[in-house]
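Me: Hi! Could you look at this one with me? I'd like to talk through its empty spaces and its surface.
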Amino acid sequence: MKSDQILLFIPVYNCEKQIARVLEQLNNDVMKYIKRVIIVNNKSIDRSEQVIKEYLERHMEIPAILVRNDENYGLGGSHKVAFKYALENKFDYIIVLHGDDQGNISDFLPIIKNGIHKNFDCCLGSRFMKGSQSKGYSFLRKFGNYVFNIFFSIVSRKYITDLGSGLNLYKVSSLKNEYYIKFPDTLYFNDCMILAQCYYKQKIKFVPISWREEDQVSNNKLMKFALSLIQLCIRYLANPKKFVEREMRKKIISRYTYSIIFSNCD
């Protein structure tokens with residue numbers, strides 16, 4: 001039986017203190033299931049790129065490609081770069097693991113080893129369901145996430161336990177029509193993805209994960225973010241079809257291009 005071709009995508013922006021720890025997660029047990037790693041540097045202004053390149057040069061056993069976006073496309077834009085790469089190179093699945101070392105890819109090994117992921121269009125890491133852990137999160141932050149999870153569940157008519165952690169798995173065939181291209185290139189990308197996946201009746205599974213906040217720097221302004229989430233829900237409720245098809249980007253980008261910095265892949 002042909003094994004799944006799984007691409008691991010690591011988005012990076014100013015993660016020089018954390019990225020080596022993320023790459024250390026790619027041990028033999030993990031790499032048994034990963035065909036290739038694509039690391040997308042979104043124009044970091046620190047030493048992230050140099051740290052990654054030096055690490056990969058020391059660990060040539062990791063089949064990896066490091067690319068740098070030609071512009072700062074945002075987190076959503078980096079997803080679009082990686083999704084396109086997965087489609088063009090005929091991967092079966094793509095795993096997203098953020099480069100700031102908050103999540104652990106090993107949390108997904110049980111569903112991959114047991115083939116559970118094959119039954120779903122996406123498996124989304126959840127920090128707020130039974131069996132999950134969220135180290136370093138304040139009570140207020142946890143409470144806010146629970147509230148918005150309930151709000152989105154009502155709006156989408158789908159039980160949602162996390163609006164967007166940094167550990168997710170997507171079936172590449174479910175991305176083929178590129179419905180996500182017009183979604184924001186910002187932190188709201190994942191929130192729009194969830195609403196669209198519910199609208200298109202994709203099969204979603206939430207997976208409990210361990211999550212931590214230690215030396216990471218959050219770009220999330222909580223009050224502004226909360227108001228924007230409410231606006232997204234109102235627009236979706238008003239007209240779901242129009243919502244998933246409308247242009248949401250402030251800057252229209254025809255092609256999300258990048259430069260290859262390092263590659264040891266054929």
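Me: How do the residues lining the largest cavity divide into nonpolar, polar and charged?
Reply: The lining of the largest cavity has five nonpolar, six polar and one charged residue. Here Ala, Val, Leu, Ile, Met, Phe, Trp, Tyr, Cys and Pro count as nonpolar, Asp, Glu, Lys and Arg as charged, and the others, Gly among them, as polar. Keep in mind that this is a predicted model: local features need pLDDT of at least 70, side-chain atom pairs count only at pLDDT 80 or more, and totals for chains, interfaces and linings use all residues. Residues are numbered from 1 along each chain as its sequence is written, and side-chain values use heavy atoms, with hydrogens and water left out.

Me: Thanks! How much space lies in the largest cavity?
Reply: About 60 Å³. On a 1 Å grid over the protein atoms alone, a cavity is a set of points where a 1.4 Å probe fits but cannot get out, while a pocket is an open set with protein on both sides within 12 Å along at least five of seven lines; lining residues have an atom within 4 Å of a point. Grid points are joined across faces, edges and corners, and the volume is the space filled by probe spheres set on them.

Me: And which element gives the largest share of that lining?
Reply: Helix 7, with four residues. Helices (H or I, at least four residues) and strands (E, at least two) are DSSP runs, numbered from the N terminus. The lining includes Asn190, Met193, Ile194 and Gln197, along with Asp162 and Tyr170.

Me: Why is helix 7 described as largely enclosed?
Reply: Because 10 of its 11 residues are buried, meaning under 20% relative accessible area (exposed is over 50%, partly exposed in between; 1.4 Å probe, protein chains only). Among the buried ones are Phe189, Cys192 and Leu195. Just after helix 7, Lys201 takes a positive phi of about 55°.

Me: Switching to pockets: what's the volume of the second largest one?
Reply: About 280 Å³. It is lined by 14 residues, with Lys84, Glu88, Arg255, Tyr256 and Thr257 nearest its centre. Helix 4 (residues 74-88) gives the largest share of that lining, five residues. By type, the lining of this pocket has six nonpolar, two polar and six charged residues.

Me: Last one: is Leu227 buried or partly exposed?
Reply: Leu227 counts as partly exposed, because its relative accessibility is 49%. Leu227 sits in helix 8 (residues 222-238).
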